[in-house]
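Here are some short exercises to help you find your way around a new structure. Try each task on the model first, then follow the solution step by step.

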Amino acid sequence: MAGEDELKLLGTWASPWVSRVKLALHLKGLSYENVEQDLDNKSDLLLASNPVHKKVPVLIHNGKPICESVVILEYIDDAYGTVGPSFLPLVIPWKVAFTADGEEEKTEGIKQMLAAVHTLEGALKECSKGKPFFGGDSVGYVDLALGGLLAFLQGTEELCGSKPFDIANTPLLLAWVERFTALDAAKVACQMSASWLSLPR
Ligand SMILES: N[C@@H](CCC(=O)N[C@@H](CS)C(=O)NCC(=O)O)C(=O)O
């Protein structure tokens, strides 16, 4: 386990959402206290930690509660980016590619970012089966997860001198980017033309 962190998981053994989080903690090799909950008689700790939905899982990291299993997975990956496998293999190396202190670290970040993009290219081919999106005919979960990052990814060349998508290595993703950015929702939600160099990193 990294540092002196305290991780507490509020859950129930039968919950598939809790199992997701347990899997992530085990894969990362993080130790945690499992605090089994009785959902018919919710504990004060659960009610205080997840006052809106009052559901498990809740991960409490050094006293800070994080709710919703998918959010928790992302939180674990971010907080323990250097520990064990990465669940979001694109995001962490991509950040390293433009925040690294030294050339060596930056080169490694770019290498890992391009490897993750290569994997995504293969996944798009397999999942879409020739249809426009990862989700098939319409935008699905993976499209949204990657699409939300697009505005930042588009600024990557400006930030670190390397493009994540190009015609030679990722022709399918490049076409997907065009389709995604042409969506009315993307035009409204994503600031594609922002100046990335002016943002805090
Ligand atoms: N979207 C939530 C779903 C969590 C969920 O539905 N948890 C159930 C247990 S499987 C729960 O706490 N139910 C208690 C209730 O609804 O009062 C997640 O992914 O974390």
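**Exercise 1. Find the residues through which helix H4 meets helix H5, and describe how the two helices pack.**

*Solution.* This is a predicted model, so treat every value below as computed from it.
- Step 1: Locate the pair: H4 covers residues 91-99 and H5 covers residues 103-128.
- Step 2: List the two sides of the contact. H4 contributes Pro93, Trp94, Val96 and Ala97, while H5 contributes Glu105, Lys106, Gly109, Ile110, Gln112 and Met113.
- Step 3: Sort these residues by character: six are nonpolar, two polar and two charged.
- Step 4: Add the geometry. The axes lie 7 Å apart at an angle of about 145°, and the crossing is left-handed.

A general point helps when you look at such lists: an α-helix has 3.6 residues a turn, so residues three or four places apart point the same way.

**Exercise 2. Work out which residues of H3 are buried and what covers them.**

*Solution.*
- Step 1: H3 spans residues 69-79.
- Step 2: Its buried residues are Ser69, Ile72, Tyr75, Ile76 and Asp77.
- Step 3: Their cover includes helix H1 (16-28), strand S3 (58-61), strand S4 (64-67) and H4.

**Exercise 3. Is Asp77 buried or exposed, and which residues is it in contact with?**

*Solution.*
- Step 1: Asp77 has a relative accessible area of 1%. Buried means under 20%, so Asp77 is buried.
- Step 2: Set aside the neighbours within four places in sequence. Asp77 is then in contact with Lys28, Pro85, Ser86, Phe87, Leu88 and Ile92.
- Step 3: Look at Phe87 in particular: its backbone nitrogen is reached by the side chain of Asp77 at 2.9 Å.

**Exercise 4. Place Ser162 in the chain and describe its surroundings.**

*Solution.*
- Step 1: Ser162 sits in the loop that runs between helix H7 (156-160) and helix H8 (171-182).
- Step 2: Its relative accessibility is 13%, which is under the 20% limit, so Ser162 counts as buried.
- Step 3: Beyond the neighbours within four places in sequence, Ser162 has contacts with Ile110, Met113, Leu114, Thr156 and Glu157. You have already met Ile110 and Met113, on the H5 side of the contact with H4.

**Exercise 5. Look for backbone features in the loops around S3.**

*Solution.*
- Step 1: Begin in the loop between helix H2 (44-49) and S3, where Pro57 is placed. The peptide bond leading from Val56 to Pro57 is cis, with omega near 5°.
- Step 2: Lys54 is in the loop between H2 and S3 too. Its phi is near 60°, a positive value in a residue other than glycine, and at 35% relative accessibility Lys54 is partly exposed.
- Step 3: Move on to the loop between S3 and S4, which holds Asn62. Asn62 is not a glycine, yet its phi is positive, about 45°; with 47% relative accessibility, Asn62 is partly exposed.

**Exercise 6. How far apart are Thr119 and Thr170 in sequence and in space?**

*Solution.*
- Step 1: Thr119 belongs to helix H5, and at 55% relative accessibility Thr119 counts as exposed.
- Step 2: Along the sequence, 51 residues separate Thr119 from Thr170.
- Step 3: In space, the two are 9.9 Å apart, C-alpha to C-alpha.

**Exercise 7. Which domains does the assignment give, and how far apart are their centres?**

*Solution.*
- Step 1: The domain assignment gives domain 1 (7-79) and domain 2 (91-190).
- Step 2: Taken over C-alpha atoms, the centres of domain 1 and domain 2 are separated by 30 Å.

Definitions and conventions. Residues numbered from 1 in each chain as written. Predicted model: local features only at pLDDT ≥ 70, side-chain atom pairs only at ≥ 80, totals over all residues. Heavy atoms only, no water. Helix = DSSP H or I, 4+ residues; strand = E, 2+ residues; numbered from the N terminus. Buried < 20%, exposed > 50% of the residue type's maximum accessible area, 1.4 Å probe, protein only. Polar contact = N/O pair within 3.5 Å; in protein donor to acceptor, adjacent residues only side chain to side chain. Contact = heavy atoms within 4.5 Å. Domains from an automatic or database assignment. Axes fitted to C-alpha atoms, helices over the stretch in contact; angles between N-to-C directions. Left-handed = near helix turned anticlockwise from the far one by under 90°. Nonpolar A, V, L, I, M, F, W, Y, C, P; charged D, E, K, R; others polar.
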